[in-house]
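Colleague: Could you take me through the largest pocket in this one? I'd like to know what lines it and which parts of the chain supply that lining.

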Amino acid sequence: MEENLLWTNPEFIPADSFVAPDGTVINAEEFDQQFAGAEFRETRTELTDGSGNGFGVSTVNFDTIEEIVWTGNEGGHVTSYYGPILQKYTSFQVCSKQEVRQIRSLDNGIFTLTPNSLRFQNRKGLHIYTHTSENMIEMQCLLSHTPTSILMGGHQERLIDFDLNTSKEKRLIDVGENGCAMLRQHSRYICAGNAFGKIEFKDPVSLKTEHSLETHNGSLSDFDVQGNYMITCGFSNSRQGLTVDRFLMVYDLRQMKAINPLQTVAYPFLLKFLPSYSARVVVVSPLGQMQVLDTIYANVQSSLNLYQVATGGAMISSLDISTTSQCLCFGDSVGSIHLMSSNVAEPQFNTFSRPTEFFEISEMIQSIDIDDVQAPLSIIPMTYNVNSLLSEWPEELTKKVHHKTPVIDEEIINTMKMQGSIGYAPNPKPHHRKKQILSP
């Protein structure tokens with residue numbers, strides 16, 4: 001009964017028409033009619049690099065510095081796209097046998113986390129360094145909680161506090177045998193959730209646990225925090241095994257207590273707060289049904305904001321939202337990413353993005369036949385070094401020397417007639433006519 005409601009609700013917005021990877025719009029007229037008045041619509045779909053062997057998209061992440069979205073797949077390949085048109089920017093292999101678990105952007109580059117390594121590269125794909133250690137076993141999550149350090153967690157008993165200045169592990173924090181599967185940043189806490197439904201709230205400085213909450217008695221699927229609220233989705237234990245909780249658990253972090261849960265139409269699998277709103281959250285099911293909920297006014301909503309991501313039957317594997325809340329990116333199990341944009345003229349990922357540096361295309365130089373002796377060498381452009389030319393010697397190795405006065409032909413001196421202090425002589429035939437001034 002609930003499934004029929006999901007597909008027949010008049011407010012449900014399917015995405016049968018979208019912008020194909022080749023740039024053509026499928027059913028453009030119906031596309032505009034379907035999404036007339038909708039808050040979001042699917043605008044681009046791209047098949048990422050490295051997905052030819054059936055590797056799905058394992059993580060997506062919007063860059064917080066530039067207008068770039070980063071994607072990583074199960075085959076260890078990273079691809080980035082520029083702007084809402086998803087123009088391919090960089091593509092490189094991080095690891096050949098392990099999947100990319102998470103990507104985080106910093107001012108001078110990006111961190112890529114795999115199960116056993118942490119790789120740092122600049123945005124052009126140039127490798128800077130790779131960190132590995134015996135403490136990195138089945139790593140799952142990455143969080144940049146201070147400008148000089150990042151936290152790494154996984155299916156192991158300790159969190160790793162990694163110092164960015166020294167590129168070394170600074171300390172290890174015990175989190176118990178269940179490990180840490182997810183890390184989230186809050187203004188007062190570092191939130192660490194394990195796969196069995198427990199979320200710990202740690203002090204940002206000492207990283208000691210101050211509070212903890214038991215959310216789902218089966219397994220934790222995803223959670224997010226914003227302002228005074230935390231929302232979780234997961235699974236519960238039943239006679240049939242693990243079953244999906246149709247309710248989102250909502251917690252007030254001021255009291256560390258659960259408040260009224262939210263019921264969803266779609267089965268919740270991934271969720272994330274819209275950064276530009278105080279209490280709106282996006283929930284997506286494994287089959288791509290997306291719902292936008294309000295944690296405060298959920299009981300008085302007059303309509304359901306439902307959408308369908310056009311995955312073609314593939315499973316949704318990852319979700320991220322831009323800082324402006326104007327773009328949503330989904331990754332699926334067949335290696336494609338889907339971009340949903342709000343109804344604005346020019347969607348942006350960040351409010352104030354740094355200009356992205358692109359590869360400069362050099363001008364084509366006209367070729368010259370090596371046997372053409374009449375070809376002017378001036379058509380060959382001269383490239384200058386950024387600092388100085390090779391012929392420019394330092395001052396300590398040079399000295400100024402004046403040109404010597406040329407020797408005067410003796411025939412000129414013998415035939416010269418003086419008029420005061422000036423001497424005149426006829427020009428000998430071997431010499432060109434020129435003026436010479438002789439000092440007395």
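Modeller: Here's a walk through the pocket, with a quick look at the chain around it.

Keep in mind that this is a predicted model. The chain has 440 residues, 46% of them buried, and its secondary structure comes to three helices and 33 strands. Of the contacts with a separation of 6 or more, 44% are between residues 24 or more positions apart.

Now for the pocket itself. It holds about 1500 Å³ of space, and 49 residues line it. If you want to find the middle on your screen, look for Gln102, Arg104, Arg184, Lys272 and Leu319, the lining residues nearest the centre. By class, the lining is a mix: 22 nonpolar residues, 17 polar ones and ten charged ones.

As for where the lining comes from, seven strands each give at least two residues: strand 3 (57-62), strand 7 (102-106), strand 11 (139-146), strand 15 (182-185), strand 19 (219-226), strand 25 (270-273) and strand 29 (316-321). Strand 19 supplies the largest share, with seven residues.

Following the chain on from strand 29, you get to a loop that leads to strand 30 (327-332), and Ser325 sits in that loop. Ser325 isn't a glycine, yet its phi is positive, at about 65°. With a relative accessible area of 5%, Ser325 is buried, because anything under 20% counts as buried. There's also Leu86, in the loop between strand 5 (77-82) and strand 6 (87-93). Leu86 has a positive phi of about 55°, again without being a glycine, and at 3% relative accessibility it counts as buried.

Terms used
Residues are numbered from 1 along each chain as its sequence is written. This is a predicted model: local features need pLDDT of at least 70, side-chain atom pairs count only at pLDDT 80 or more; totals for chains, interfaces and linings use all residues. Side-chain values use heavy atoms; hydrogens and water are left out. On a 1 Å grid over the protein atoms alone, a cavity is a set of points where a 1.4 Å probe fits but cannot get out, and a pocket is an open set with protein on both sides within 12 Å along at least five of seven lines; lining residues have an atom within 4 Å of a point. Grid points are joined across faces, edges and corners, and a volume is the space filled by probe spheres set on the points. Helices (H or I, at least four residues) and strands (E, at least two) are DSSP runs, numbered from the N terminus. Ala, Val, Leu, Ile, Met, Phe, Trp, Tyr, Cys and Pro count as nonpolar, Asp, Glu, Lys and Arg as charged, and the others, Gly among them, as polar. Buried means under 20% relative accessible area, exposed over 50%, partly exposed in between (1.4 Å probe, protein chains only). Contact means heavy atoms within 4.5 Å.
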